[in-house]
Amino acid sequence: MEEKPVSTEQIMHQGQMLAVVIRGGHLAPGVHFFTPDDNPLQVGRQMRPKGAVIAPHAHCEVKTGRTGFLQEVLHIQQGRLKTIFYTNEGQHLTERVLEAGDTILLIRGGHGFEALDDVRMLEIKMGPYDPASKKNINIKEIPP
């Protein structure tokens, strides 16, 4: 059985990108970025053959602007995770089910999760997280 290719989906609301879902699948050789070039958090995957060499290098210091909001990446390693998207005011927008091998970049807006199975995931976010900082907004879902 042939594996399906990697696909992406942008979750949008009122012209703003809320998230990028990167579905697991076959990746062609090379470097592939799934986020827009102007997004401060870049997410990509690499497929390199055995013996490939990446020349030693260092990254230059770059002054980056603050986005005004924090972003995070979740990579589902095992199980299924329902991701529910909301406006900051609590209006339910849409839902997506992520499966093992899928990755999501959460850019802005509200979101919640429900583990549909035992879930193991990797989380990468702008940090460090300080619970006293009030950087998270608890939202209440608005009834439909």
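The legends below describe close-up views of a predicted model. Residues are numbered from 1 along each chain as its sequence is written. Local features need pLDDT of at least 70, side-chain atom pairs count only at pLDDT 80 or more, totals for chains, interfaces and linings use all residues, and side-chain values use heavy atoms, with hydrogens and water left out.

**Figure 1. Confidence along the protein chain is given as pLDDT, the predictor's confidence in each residue, from 0 to 100.** The protein chain averages a pLDDT of 83, and 83% of the residues score at least 70. Among the elements of the protein chain, the highest mean pLDDT, 95, belongs to strand β7 (residues 92–99), and the lowest, 81, to strand β4 (residues 44–47). Strands here are DSSP runs (E, at least two residues), numbered from the N terminus. Where pLDDT is low, the predicted coordinates should not be read in detail.

**Figure 2. Five strands make up an open antiparallel sheet.** The strand order is β1-β2-β8-β5-β10; two strands pair if DSSP finds at least two bridges between them. At the edges are β1 (7–13) and β10 (120–125), each of which pairs on one side only. Neighbouring strands of this sheet are turned by 15 degrees against each other on average, direction ignored. For this angle, axes are lines fitted to C-alpha atoms, and angles run from 0 to 180 degrees between N-to-C directions. Within the sheet, strand β2 (residues 16–23) and strand β8 (residues 103–106) run antiparallel and are joined by four bridges. V20 stands opposite L105 in β8.

**Figure 3. The view centres on M17, a residue of strand β2.** M17 has a relative accessible area of 14% and is therefore buried (buried means under 20% relative accessible area, exposed over 50%, partly exposed in between, with a 1.4 Å probe and protein chains only). Not counting residues up to four places away in sequence, M17 touches Q10, I11, M12, P36, I107 and R108; contact means heavy atoms within 4.5 Å. One of these residues, R108, lies 91 residues from M17 along the chain, yet the C-alpha atoms of the two are separated by 7.3 Å.

**Figure 4. Three strands form an open sheet in the order β7-β6-β9.** The pairing is antiparallel. β7 and β9 (110–115) stand at the edges with a single partner strand each, so one side of each is left without a neighbour in the sheet. The average turn between neighbouring strands of this sheet is 20 degrees, direction ignored. Strand β6 (residues 80–86) pairs with β9 over six bridges, and Y86 stands opposite G110 in β9. Seven bridges join β6 to β7, where V97 is the bridge partner of K82. The hairpin of β6 and β7 has five residues between the strands, and in this hairpin G90 takes a positive phi near 105 degrees.

**Figure 5. T83 is shown in its place in strand β6.** With 0% relative accessibility, T83 counts as buried. Leaving aside neighbours within four places in sequence, T83 is in contact with T94, E95, R96, L98, I104, G112 and F113.

**Figure 6. The salt bridge between R96 and E9 is one of six found in a search of the whole structure.** A salt bridge is a side-chain nitrogen of Lys or Arg within 4 Å of a carboxyl oxygen of Asp or Glu. The side chains of R96 and E9 meet at 2.6 Å, N to O. The pair links distant parts of the chain, with R96 in strand β7 and E9 in strand β1, 87 residues apart. R96 is partly exposed, at a relative accessible area of 21%, and E9 is partly exposed at 28% relative accessibility.

**Figure 7. D102 and R23 meet through their side chains in a salt bridge.** The N to O distance is 2.8 Å. D102 lies in the loop between β7 and β8 and R23 in strand β2, 79 residues apart. D102 is buried, with a relative accessible area of 5%.

**Figure 8. K82 and E114 form a salt bridge that links distant parts of the chain.** Their side chains meet at 3.5 Å, N to O. K82 is in strand β6 and E114 in strand β9, 32 residues apart. E114 counts as partly exposed, at 39% relative accessibility. K82, E95 and E114 are joined into one network by salt bridges that share partners.
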